Amino acid sequence: MTTRHPRHELDEVIHAPVRFSIMATLAAASKAEFGFVRDTVEVSDSVLSKQVTTLEKAGYVQVTKGYVGKRPRTWLALTPGGLAAFNNHVATLRQIAETAAQAEAGSDHEEEA
Amino acid sequence: MTGNNVADHLVEAERPAAIVRRRTRWAVWSYIATGTTGFGLALVASLPKDHLAFQVGIAASIAIGIVAEVIRRLRRRRRMVERRGYEVRRDCVGGVWAAVWGLAVLVGSDAPFRGNLAYWIPAGAATALVMYIGAYLEYRAARR
């Protein structure tokens, strides 16, 4: 019986580089302000807004608008499903990395033999 | 997917976490500052009310409280990120600290303990210890 390659477990919504960075930022925080995420991920407001909309539609990110004093603020947070999906995605990436490392180690042994 | 792509993603998974940890270090220091201030207050509370040091200590406590509140409000305006679980940890540690502090003051108000350093030093240390444990838990949480 052949086992499926772990890449089939990767989440295509999360895997895109900018969305992955957004999820990684929010995974470390309970919530983060829009500007902080923008500066950490190093994208423009419009790019971040578009990617956050995609993640929100997927149910991974929650957007909360409010005020601190008179200043409007937009806060981003992962939903429980989003955090689980991100952790699962990272675990799958680690599995792929281990598989690749084992394959490389195996081919090195063959060369030495 | 190549090994290099995967490695890049795994590096990127950790990079923002390091930034969040760096930007929220203040949380650990706020616990330490609160614990240390609480210990100082306990020592002040051990002094007789007509003692100059008591009056200076109370004035200093009020000044520190005002400064701390101003800093808290300014930081809240500028706070861009919160560590995962910070509010829950803060509320739990704050609740335990308030209970220990309240108990220390309640017991300390009894005549045998009033002005008695042999009571107030360990009582103050106990309240400070709660906050120092909170600081350690906050530090550990960021490492996960």
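Select helix α4 of chain A, residues 45-57, in this predicted model. Helix α4(A) lies across strands β2 and β3 of chain A, and the helix runs at about 120° to β2(A).

Next, display the two strands beneath that selection. In which sense do β2(A) and β3(A) pair? The sense is antiparallel, and the pairing extends over 8 bridges. Two of the bridge partnerships may be picked out residue by residue. Select A:G66 together with A:R73, its bridge partner in β3(A). Then select A:V68, whose bridge partner in β3(A) is A:R71.

From there, move to the turn. Strands β2(A) and β3(A) form a hairpin, with 2 residues between them. Centre the view on A:G69, which is in this turn and has a positive phi of about 65°.

Now widen the selection to the whole sheet. Which strands form it, and in what order? The order is β2(A)-β3(A)-β1(A)-β1(B), so a viewer coloured by chain will show both colours among these 4 strands. The sheet is open, and its pairing is antiparallel. At the edges are β2 of chain A, residues 61-68, and β1 of chain B, each of which pairs on one side only. Neighbouring strands of the sheet are turned by 20° against each other on average, direction ignored.

The place where the sheet passes from one chain to the other deserves its own view. Select β1(A) and strand β1 of chain B, residues 81-83. These two strands pair in the antiparallel sense over 3 bridges. Within this pairing, select A:A32 and its bridge partner in β1(B), B:V81.

Finally, select the residues of each chain that touch the other. Here 30 residues of chain A are in contact with 23 residues of chain B. The two chains bury about 2,300 Å² between them, and 65% of this area is on carbon and sulfur atoms. On the side of chain A that touches chain B, the elements that give two or more residues are α2 (17-27), β1 (29-33), α3 (34-41), β3 (71-78) and α5 (80-112). Which of these elements gives the largest share? It is α5(A), with 7 residues. Coloured by class, this side of chain A has 19 nonpolar, 6 polar and 5 charged residues.

How many salt bridges are there between chain A and chain B? The count is 0. Polar contacts, by comparison, number 11 residue pairs between the two chains, with both residues at pLDDT 80 or more.

Key. Residues are numbered from 1 along each chain as its sequence is written. Chains are lettered from A and ligands numbered from 1 in the order in which they are written. This is a predicted model: local features need pLDDT of at least 70, side-chain atom pairs count only at pLDDT 80 or more; totals for chains, interfaces and linings use all residues. Side-chain values use heavy atoms; hydrogens and water are left out. Contact means heavy atoms within 4.5 Å. Buried area is the accessible area (1.4 Å probe) that two parts lose on being put together, summed over both. A salt bridge is a side-chain nitrogen of Lys or Arg within 4 Å of a carboxyl oxygen of Asp or Glu. A polar contact is a pair of N or O atoms within 3.5 Å; within protein, one must be able to donate a hydrogen and the other to accept it, and residues adjacent in sequence count only if both atoms are side-chain atoms. Ala, Val, Leu, Ile, Met, Phe, Trp, Tyr, Cys and Pro count as nonpolar, Asp, Glu, Lys and Arg as charged, and the others, Gly among them, as polar. Two strands pair if DSSP finds at least two bridges between them. Axes are lines fitted to C-alpha atoms, for helices over the stretch in contact, and angles run from 0 to 180 degrees between N-to-C directions.
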